[in-house]
Structure formats: C-alpha cells, structure tokens
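Q: Could we go through this structure together? I would like to begin with one residue and then move outward.

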Amino acid sequence: MKDTLTILRKEFYNLFKDKRTVFSIFVLPVIIFIGIFFAIGTMMEQEEQKLEQTVYKIYTNEPAILNTLKENMTNTEIEIIDTVENMEEALRDGDIHLGLIFQSGDSFDQYLQKDSPPIEIYSYSGSNTSENITSIIRYQLKNLRDQYLKDKLVASGTDPEILERPIMKTYNVATEKEQAGSFLGMILPYMLIIYLFSSSFSVGFDTTAGEKERQTLTILLSNQVSRTSIAWAKILYIMMINVTTATISLIAFTIGFTQLMPDIPGNILEAFTPATVTILFLSVISMAVLIAAIIVVVGIFAKSVKEATSYTLPIYIIVLIVGVMGMQPQAFRETTNLAFVPLINGIVTLKQLFTTPNLPMYNFTMLLIVNLAVTALLVILASKMFNNEKYVFRTEN
Amino acid sequence: MIEFKNVDKSFKAKKTVVKALDQCSFKVNKGEIFGLLGPNGAGKTTSLRILSTLIKPSGGEVSVGNLNPVKDARAIRKKLGFLSSDMNLSGNLSARDLLTFFGRLNHIPETTLEKRIEGLSTYLEIKKFMDRNVSTYSTGMKQKTLIAIALIHEPEILIFDEPTNGLDIITSRLVLEYLKDLQNQGKTIILSTHIMTVAQKMCEHIVIIDRGRIKADGTLNEILEETGKDDLEDAFFDYLEVEDK
C-alpha cells in the first residue's frame, strides 16, 4: 500500500508540474461548457428578438382573406407580396416566407363547406422564419373557422360557449424534483460516460503505453516494488483524474445549463437528495475505477498510445450508444439483465436513480458487485502483465 | 556469486521462434567487474534482463547470491542496480524528484535519503542541474541521473547494459571512472558492451557471446593467450570468425 501511494504521489506531482495538461483537464471543460451555454443562450435570445422584429413576406392570390387574418395578428408584421415568378425558388431564396393559395375565390366561408378545395400553404422548413409564420397562419386560419362557427351558433340561438367545452384541466403530478430528475436521468449517464472515458484516454494511456513508448517504465520495473502496487497506483491515478474531471465538467454543465439557458425543466438541484448523491457518487466511483482498470490493461498490452486508443474506441462507442439509448424517456426504467453488464449497468442505474420513484437498490448493489469484481480481475491481470516480458517490452521501437 | 547454468531463452516472433540464448553458462564472482561482450543481437541485453528479473529464462538455472530470479524476483531487485540502454527519462520531474521517488520506493528513511541524494549528486556531478526538469537534460546528464537512480538504494550488484551508449568521450570516461570507483567500494559490476577498448580497460573477467552462445570465458590474459592476439578486439573477431568458418 505504501508503494502504491508513493507511485500515486509521483504521478500527481508529475501531472501538476505540467500546467498545460492541468489546464486542459481541469479548466478547459469549465470554459467550454460555460462558453457553449452562453453562446447557445445568446443565440436563442437573439433569434427570439429577430423573430419579434421580422416582417413576414407572404405571397397570396387572395389578399382580402390574408387581410382578415392580419386583423387578429397584433404582434406580427406582415407584408403581402402579390407576384412571384417561381414560388419554390422565392421561398428558398428568402424572397417570401410563406405562400398561401386559395383555389376558390376570396370568400373564407367557401373553404368550410363540404368538398371544398384545400387552402394550400407553401413553406420552407430550412428557415425558422418560414416555419414560424406557417404556424402563426395555421393558428389564425383555425381561429377564423372558430369565429365563423360562433357566428353560426349565435344565429341559431345556441350558446357559442359550447366551443370552449369540455373544459380540460391537466395536472402533472410530477414534482419539480421529479421533472428535474427526468431530465437528469436522460443527460447525466451519457455525460458521465463521455468524461470518465475522455480523460482516461489522455492521462491513462500516457501513464501506461506512453511510459513504454518513452522507455521510462523499465526503470520502475527494475526496482523492488511489486507489480500489484504499480497496477493499483496507475488505476487509482486514472480513476482520481476521471472522477475529478467528470465532477468538474458536471458542475460546469449544471451551472452553464441552469444559469445561461432559458426554459429548463424544473429546478435541477431539487433532484439531489442525500440518498441520490450517495448512490450517484458510489456508482461513479465504481464506473471510474473499472474504466481505469480497462485503460491500464489496454495500455500495458498496446505498443503505443495510438494503438491503445484504437483498441479502446470500440468499447467507448458501444457504451456511448447505450448512453444515447438511455436518453429516451422510457429506456431502462425496468430492471433487466443489463445490471450484470459492466459499465452498461452504470448507465441503467443512474437512469433509474433519477427517473423512478424508489431508489434502484437492486441495480445499485449489482453495479457495485459486478464492477468491483471485474476491476479486481483486471488488477490481477494488469499485475501479471506488468510481470510479463511479452507486454512490458512490446513496443514499436 | 551470480551463476548462469545452461540458460536458454526463446522469443516468439509471429510464426517463428528466435533463440536468443542457447545453453549459456558463466559465473560472476563477488567484487569483480565482469564484461559481457558481443555484437548487436548476440544476447547480451537478454542475459542482463534475465539477471535483473525483467524477463524469465526458457530453460536452465540462474542464481543471484543463492536467490532464484523467478521465485525471488523482488529480493533480487533489492540487491540490484540496473541501467540499460533502453531506459530513458522524460516527464516533468527533476533528477532530485526522481531520486526522492526511487529512494522512497526502496523504503529508505527520509533523513538517510536526503544524505544519499546529496552524496550521489556530488559524486556524479549532477548538482548543477538536478532541480531542472529532466526533459531539458542532455544525453550525458540523463545517463548520470540514471546511474544515480541505480545507486540510490546502495545495491550490492550493478548491471550496466551499454552504459556509454550515445555519450561523448568525456562523459564516457567519467562513467567508466565511476564504475571503477564503485568496484573499489566492493560492488560487483556486470558490464555489457560492444566497445572492446572499454572492456579491455575495465573488466577482469570477460565472456564473449555471439548468436546466443558463449564463445569465450576467462580473464583478459587468458583470452589473449588462447587466441594468440595482442588486443581484445582482434581476439574478439577471432572468436566470431571461428564460428563463421
């Protein structure tokens, strides 16, 4: 244990003397997340302001109907265009934002009769402005129909309020905490996997395959230190970096997302109770130590950092795909055999942790047992590999 | 005493098996400078890696002071200081950081360690640069630092594989002087080299190895006498030529 701590201390000392690496591991994620969310938030605000100030250009063959629609559109500026040579081209080029064609003249009533021809709406989905005015016009057309019906009902002596019936009241029983949890359950496992792996790639392979490549590993191996101590030191080092990077990134993500983005679901902090934080922390530790053990084994096996990265990418991609699958609201909400699959069980447990009413104790227990058992096997394998010339001297030199 | 008895070592290379050592036997006596000579690919580094427990023999018996390199690897490494031509220094640490690290790994008490670092840095003349990052070192500075690392735990046996490789003539001479000095301190030194003048000057006991087989084993005089040559380089070629004929 003493030797493990000595090696661990040396690894951290070496890392902290390299200011560029420290910056890229610990500071850059914060800058990136804050920067990304600031940029997205600003762009969304600008887009909203732009839409408010936009004058929508609509081509129509019946300006009279469009003028009727305009009367109800208080906040929307519309310019009626009466001639276009080619409607599709005009829409694509942004010369107009919408085309509205009435086949049977300028009386709106005709379009409410049985077997009446359709009102043709031409839009261009590549433009937000076109999409926006399309939904406004559709809404206004329905409004006009409702007004027509109201007039008819009044004329026939029927209370037009019938059109407002039945009154529907929707109650979302999900608490603010649960709404936030549902969002976290989607995004958190995916983000954690990305950060637990990505820092391993740089730091983890540098301390294993990188040391072989640079011919610095032999000095350590020719000393009296046990191979198990070396394996544990490397694994703990990578794990600590993984957990720190993932934590910093998640905090930066949460701050960036909650402070700089509009319309977020619920108060995210509500989802973090002492129980969820404990389970989250232990789950992340068990995943991080397992990823570190995988990285060490692959790093010792590979001839170079490049080769190690190429061996690990398929595992990363598979886990990432499962992470993306976990973003579906209903995915992994029930207990399945995935609890026995290392790493994947982490995604499932975290998803359940935030999206189901009870704590996922079965999945959490299996996660700890399976991940730690596989890690122990990988540590034994790594120490045997450190003792095996086939791997230690397997380099490209 | 160190003993190699009928040692074999084979490596698998894709579909072929390369025999690096073939029934090699030699003994190294306590306190001597032992020279293992041979051309590139002769089996020198393989022999030294077996002695330093980095690799295992495929057959035969090896003992280092009555210890078995396979069973008692850690106990042997405690007695050994190993310097190989395929070792390098890199990273952000200084010579002082590395010496402290390896000293701690060898469980040297902190006060003793400080004294040893002070002593070694004076002895090997590395004081001037020992607080600088090793990535800024010249080849000679790195080699001196590696020697200091090999000596930090005061090993009884020193295994130096091509210690003058890549060094300029002045640093080479300094390194060889250190080796002589270490012998005078009672250390056993196993030196591998393909530079005959170095071996002639340094080694009391010489073994010539080629293509994994021992070609000669004796003192410098015995080897010169056996071949009837005046210097070791001619004798060395004589042994290689005998094999070629």
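**A residue at the interface**

A: This is a predicted model. A:Gln224 counts as buried, because its relative accessibility is 6%, below the 20% cut-off.

Q: Where does A:Gln224 lie in chain A?

A: A:Gln224 is found in the loop between α8 and α9 (227-260) of chain A.

Q: And what is A:Gln224 in contact with, leaving aside its neighbours within four places in sequence?

A: With those neighbours set aside, the contacts of A:Gln224 are B:Arg74, B:Arg77, B:Lys78, B:Leu105, B:Asn106 and B:His107. With B:Asn106 there is also a polar contact of 3.3 Å between the side chains.

Q: Let us widen the view. How many residues does the contact take from chain A and from chain B?

A: Chain A contributes 26 residues and chain B contributes 28 residues. Between them, the two chains bury about 2800 Å², and 54% of that is on carbon and sulfur atoms.

Q: Which three residues supply 25% of the area that chain A buries against chain B?

A: They are A:Ile219, A:Gln224 and A:Glu389, and no other three residues supply more.

Q: What does B:Lys9 form with A:Glu389?

A: B:Lys9 and A:Glu389 form a salt bridge, in which the closest N and O atoms are 2.3 Å apart. Three salt bridges are found across the interface of chain A and chain B. As for polar contacts, the count between chain A and chain B is 12 residue pairs, both residues being at pLDDT 80 or more.

Q: Which helices of chain A each supply at least two residues of the side that touches chain B?

A: Those are α1 (2-16) and α8 (217-221). The largest share, eight residues, comes from α1(A).

Q: How does that side of chain A divide by class?

A: The side of chain A that touches chain B has seven nonpolar, 10 polar and nine charged residues.

Q: Changing topic: how many disulfides are there over all chains?

A: The count is zero over all chains. B:Cys24, for instance, is in no disulfide, and the nearest cysteine sulfur, in B:Cys203, is 17 Å away.

Q: Why does the sulfur of B:Cys203 form no bond with the one in B:Cys24?

A: The sulfur of B:Cys24 is the closest cysteine sulfur to that of B:Cys203, but the two are 17 Å apart, so they are too far for a bond; the cut-off is 2.5 Å.

Q: Are those two cysteines buried or exposed?

A: B:Cys24 is buried, with a relative accessible area of 0%. B:Cys203 is buried as well, at 6%.

Note on methods
Residues are numbered from 1 along each chain as its sequence is written. Chains are lettered from A and ligands numbered from 1 in the order in which they are written. This is a predicted model: local features need pLDDT of at least 70, side-chain atom pairs count only at pLDDT 80 or more; totals for chains, interfaces and linings use all residues. Side-chain values use heavy atoms; hydrogens and water are left out. Contact means heavy atoms within 4.5 Å. Buried area is the accessible area (1.4 Å probe) that two parts lose on being put together, summed over both. A salt bridge is a side-chain nitrogen of Lys or Arg within 4 Å of a carboxyl oxygen of Asp or Glu. A polar contact is a pair of N or O atoms within 3.5 Å; within protein, one must be able to donate a hydrogen and the other to accept it, and residues adjacent in sequence count only if both atoms are side-chain atoms. Helices (H or I, at least four residues) and strands (E, at least two) are DSSP runs, numbered from the N terminus. Ala, Val, Leu, Ile, Met, Phe, Trp, Tyr, Cys and Pro count as nonpolar, Asp, Glu, Lys and Arg as charged, and the others, Gly among them, as polar. Buried means under 20% relative accessible area, exposed over 50%, partly exposed in between (1.4 Å probe, protein chains only).
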